[in-house]
Amino acid sequence: MNPFSHSYGQSTYHLVWCTKYRYKSLRSMHVKSFCELFIRETAKRHEIGVRELVVDDDHVHMEVDL
């Protein structure tokens with residue numbers, strides 16, 4: 001009998017995306033909300049658990065569970 005047959009694993013990743021040259025192209029609240037909505041819908045479609053998502057003026061932080 002395999003001692004690991006009832007094991008459970010969890011992978012958590014911290015992802016960061018930056019705009020080119022750190023331009024503040026995500027400054028508008030409209031753009032930030034659209035970006036967050038798009039990322040959450042895509043994560044849901046691919047069964048990725050979003051722990052935390054922050055859209056800043058020039059980058060996006062995301063912590064996910066796979």
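Is arginine 22 buried, partly exposed or exposed? With a relative accessible area of 41%, arginine 22 is partly exposed, because anything from 20% to 50% falls between the buried and exposed classes. Keep in mind that this is a predicted model. The protein chain itself has 1 helix and 3 strands, and here's a quick tour of how they're laid out and what a handful of residues are up to.

**The overall picture**

- Walk along the sequence and you meet the elements in the order β-α-β-β. The radius of gyration is 16 Å, well over the 11 Å that the globule rule gives for 66 residues, so the protein chain is more spread out than a compact globule.
- Along its principal axes, the C-alpha trace spans about 55 × 20 × 15 Å.
- As for contacts with a separation of 6 or more, 56% of them come from residues 24 or more positions apart.

**Surface and charge**

- Buried residues make up 21% of the 66 in the protein chain.
- The protein chain exposes about 5600 Å², and carbon and sulfur atoms supply 57% of that.
- There are 9 positive and 9 negative charges, and their mean positions sit 6 Å apart.

**The loop between β1 and α1**

- Strand β1 covers 12-18 and helix α1 covers 29-45, with tyrosine 21 in the loop between them. Arginine 22 is found in that loop too.
- Tyrosine 21 has a relative accessible area of 63% and counts as exposed, because the cut-off for that class is over 50%.
- Look at the backbone here: phi of tyrosine 21 is near 60°, a positive value in a residue other than glycine. For arginine 22, phi is near 55°, again positive in a residue other than glycine.
- Tyrosine 21 is 37 residues away from aspartate 58 in sequence, yet their C-alpha atoms are 9.0 Å apart in space.
- Arginine 22 is also one of the residues that histidine 59 touches, which takes us over to strand β3.

**Histidine 59 in strand β3**

- Strand β3 runs over residues 59-65, and histidine 59 is found in it.
- Histidine 59 has a relative accessible area of 12%. That makes it buried, because the limit for burial is under 20%.
- Leaving aside residues up to four places away in sequence, histidine 59 touches Trp17, Cys18, Arg22, Leu26 and Val54.
- The side chain of histidine 59 has a polar contact of 2.7 Å with the side chain of aspartate 58. It also makes one of 3.2 Å with the side chain of histidine 61.

**Histidine 61 in strand β3**

- Histidine 61 lies in strand β3 as well, and its relative accessible area of 29% makes it partly exposed.
- Valine 16 is 45 residues from histidine 61 in sequence, but the two are 4.7 Å apart in space, C-alpha to C-alpha.
- If you skip residues up to four places away in sequence, histidine 61 touches His14, Leu15, Val16, Glu52, Leu53 and Val54. Val54 also turns up among the residues touched by histidine 59.

**Aspartate 65 and serine 11**

- Aspartate 65 is another residue of strand β3.
- Two polar contacts involve the side chain of aspartate 65: one with the side chain of glutamine 10 at 3.3 Å, and one with the side chain of arginine 51 at 2.9 Å.
- With residues up to four places away in sequence left out, aspartate 65 touches Gln10, Ser11, Thr12, Ile48, Gly49 and Arg51.
- Serine 11 is found in the segment before β1, and at 32% relative accessibility it counts as partly exposed.
- Not counting residues up to four places away in sequence, serine 11 touches Val64, Asp65 and Leu66.
- Serine 11 and methionine 29 are 18 residues apart in sequence and 31 Å apart in space, going C-alpha to C-alpha.

Terms used: Residues numbered from 1 in each chain as written. Predicted model: local features only at pLDDT ≥ 70, side-chain atom pairs only at ≥ 80, totals over all residues. Heavy atoms only, no water. Helix = DSSP H or I, 4+ residues; strand = E, 2+ residues; numbered from the N terminus. Rg over C-alpha atoms; globule rule 2.2 N^0.38 Å. Buried < 20%, exposed > 50% of the residue type's maximum accessible area, 1.4 Å probe, protein only. Contact = heavy atoms within 4.5 Å. Areas by Shrake-Rupley, 256 points an atom, 1.4 Å probe, with all protein chains shown as cover. Lys, Arg positive; Asp, Glu negative; His and termini not counted. Charge placed at Lys NZ, Arg CZ, Asp CG, Glu CD. Polar contact = N/O pair within 3.5 Å; in protein donor to acceptor, adjacent residues only side chain to side chain.
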